[in-house]
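Me: Could you take a close look at one part of this structure for me? I would like to hear about the salt bridges and what surrounds them.

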Amino acid sequence: MTQKSLNFRFEARYFQEGELNENTRKVFFVLHGHGQQAKYFIKKFHPLFEEGHCVIAPEGLSRYYLEGYTGRVGATWMTKEDRLTDIKNYITYLNRIYSSVVENVDQPDIYIIGFSQGAATASRWVADSQMKFHNLILWAGIFPPDMDFEKAGKKFMGKTFTFVYGTRDPFLSDKKFTEMQSLSDQLSVKPRIIQFDGDHDINKNALIQAVSLS
């Protein structure tokens, strides 16, 4: 048996709060975690919904029922099956959204917030594209260990990085923090650390702090 692939036109949605025009000063790309939907995830960023801001929530290209064959639906950025193709596809998709932004706004500050699985997605995206960004915020997630660290290190040079997490997040452990430190050292970056009293979720006060540090 031979595995083959082909290219075809693919339509994918994303959600936006705020306008893209000459008055837009800051654009926030917010990338959800495993099993979430962008239309709900974007609502967690309401503290950023103000004049001059635009919040954009892309959505993972694969959807599935969270339990059984009906009910709530979630999305994912990738699985272990044909993962390199998934990564290539979502980077192409995210780059297309980014292009639509820079076509309409003159040099805004770009913030990228990747939550949980979205943290790895965001890291791969900025490392493998020509996009210009102001601050990469990894929330409840870390740099993916399979990145091209040489290429990523060059792209990350001089940029601002922030690591945010809840002190009661069940998905984070001492091992994860050690891994994050090791990966940061390999990339020659020193993320600012923000922690809050909470679990695996977006915290309003921590969000405001994360975007105001840069």
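Reply: Happily; here is a walk through the salt bridges, with a short stop at the backbone.

A word on the model: it is predicted, local features need pLDDT of at least 70, side-chain atom pairs count only at pLDDT 80 or more, and totals for chains, interfaces and linings use all residues. Residues are numbered from 1 along each chain as its sequence is written, and side-chain values use heavy atoms, with hydrogens and water left out.

Searching the whole structure gives eight salt bridges (a side-chain nitrogen of Lys or Arg within 4 Å of a carboxyl oxygen of Asp or Glu). One of them joins Arg124 and Asp146, with the closest N and O atoms 3.1 Å apart. Arg124 sits in helix 3 and Asp146 in the loop between strand 7 and helix 4, 22 residues apart; helices (H or I, at least four residues) and strands (E, at least two) are DSSP runs, numbered from the N terminus. Arg124 is buried at 11% relative accessibility, while Asp146 is partly exposed at 41% (buried means under 20% relative accessible area, exposed over 50%, partly exposed in between, with a 1.4 Å probe and protein chains only).

Lys151 and Asp128 also meet in a salt bridge, at 2.9 Å from N to O. Lys151 lies in helix 4 and Asp128 in the loop between helix 3 and strand 7, so this pair ties together parts 23 residues apart in sequence.

Now the backbone: Ala140 has a positive phi of about 60° although it is not a glycine. Ala140 belongs to the loop between strand 7 (135-139) and helix 4 (149-156), and is buried at 7%.
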